[in-house]
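Hi,

Here is the structure I promised to pass on. Have a look at it first, and then read on for what turned up.

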Amino acid sequence: MKKSILKNLDMSDGMVVTLAMLREYPMQYIGVIGLDGKPKVKAFEFKFEEDGKLWFDTVRGKETWKEISQHPDVEITVADNETMDWIRISGKVRMQDDEKHRQKVFEASPILRKYYSGSKAESVVPFTLDNVRVEVSSLEPEIGTHIYKL
């Protein structure tokens, strides 16, 4: 049986716990408000951490870019069905459309390099989250639930 990665972490350090979870489960799900006003959940990928900020990306002109441009409050989650560990990250999207961060999201993601290289690269828009709240939980009684502000 798979063991919880949370058992080996310093649960007092919210960034350490958050990064461990995001790296352990590289495909997360982001909840957004759709253009029709209804909630949408989409597969998503964490890219990197820099100066205490979590970085992701979207593609200019795509549905998700339009949605988070209009409704920047999002929630990202992932769970493990074996360990019953989960994380929920909420925050407000802040686009950072610059070459430095674009290069960093490409360095962090083979998926981006495969599908958005060359002339398509400029359409990739890095973003971070402001006002971040993280909730990490496990059904393991000794772990419980922890809430962090990042």
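Let's start with Glu63, which has a relative accessibility of 49% and so counts as partly exposed. Before going further, please keep in mind that this is a predicted model.

Which residue does the side chain of Glu63 meet in a salt bridge? The partner is Lys42, with 3.0 Å from N to O. Lys42 sits in strand E2 (residues 39-45) and Glu63 in helix H2 (residues 63-70), so this salt bridge ties together parts of the chain that are 21 residues apart in sequence. The two ends are not equally covered: Lys42 has a relative accessibility of 15%, under the 20% cut-off, so it counts as buried, whereas Glu63 is partly exposed.

That pair has company, as the whole structure holds 20 salt bridges. Another one joins the side chains of Arg88 and Glu75, at 3.6 Å from N to O. This pair also links distant parts of the chain, with Arg88 in strand E6 (residues 85-95) and Glu75 in strand E5 (residues 73-79), 13 residues apart. Both count as partly exposed, Arg88 at 31% relative accessibility and Glu75 at 35%.

For a more local example, look at Glu99 and Arg102, whose side chains form a salt bridge at 2.9 Å, N to O. Both belong to helix H3 (residues 99-108) and are three residues apart, about one turn of the helix. Glu99 is partly exposed at 39% relative accessibility, while Arg102 is buried, with a relative accessible area of 4%. The pair is part of something wider: salt bridges with shared partners join Arg60, Asp97, Glu99, Arg102 and Glu122 into one network.

Now for the inside. In soluble globular proteins, nonpolar side chains tend to be buried together. Here, the largest nonpolar core has 29 residues, and the ones that touch the most other members are Leu54, Phe56, Ile89, Leu129 and Val136. Helix H1 (14-24), strand E1 (27-33), strand E4 (53-59), E5, E6 and strand E7 (124-138) each give two or more residues to this core. If you click on Phe56, you will find it touching Phe44, Phe46, Ile76, Val105, Phe127 and Leu129, among others, leaving out residues up to four places away in sequence. Polar and charged residues are on the contact list of Phe56 too, including Gln28, Glu45 and Lys47. There is also a second, separate core of eight residues, and Phe48, Val105, Phe106 and Ala121 are among them.

What about Ser90, buried or exposed? Its relative accessible area is 18%, under the 20% limit, so Ser90 is buried. Ser90 lies in strand E6. Apart from neighbours within four places in sequence, Ser90 contacts Val74, Glu75, Asn131, Val132 and Arg133; Glu75 is the residue that pairs with Arg88 in the salt bridge above.

Last stop, the surface. Met27, Tyr29, Val41, Ile111 and Tyr115 make up a nonpolar patch there, and together they have about 510 Å² of accessible area. E1 and helix H4 (110-115) are the elements that give two or more residues to the patch. Val41 is found in strand E2, and at 64% relative accessibility, over the 50% cut-off, it counts as exposed. Strand E2 is also where buried Lys42 lies.

Shout if you have any questions.

Cheers

Definitions and conventions. Residues numbered from 1 in each chain as written. Predicted model: local features only at pLDDT ≥ 70, side-chain atom pairs only at ≥ 80, totals over all residues. Heavy atoms only, no water. Salt bridge = Lys/Arg side-chain N within 4 Å of Asp/Glu carboxyl O. Helix = DSSP H or I, 4+ residues; strand = E, 2+ residues; numbered from the N terminus. Buried < 20%, exposed > 50% of the residue type's maximum accessible area, 1.4 Å probe, protein only. Core = buried A, V, L, I, M, F, W, Y, C linked by side-chain atoms within 4.5 Å. Contact = heavy atoms within 4.5 Å. Patch = residues over 30% accessible without salt bridge, like charges linked within 9 Å, V, L, I, M, F, W, Y side chains within 5 Å. Areas by Shrake-Rupley, 256 points an atom, 1.4 Å probe, with all protein chains shown as cover.
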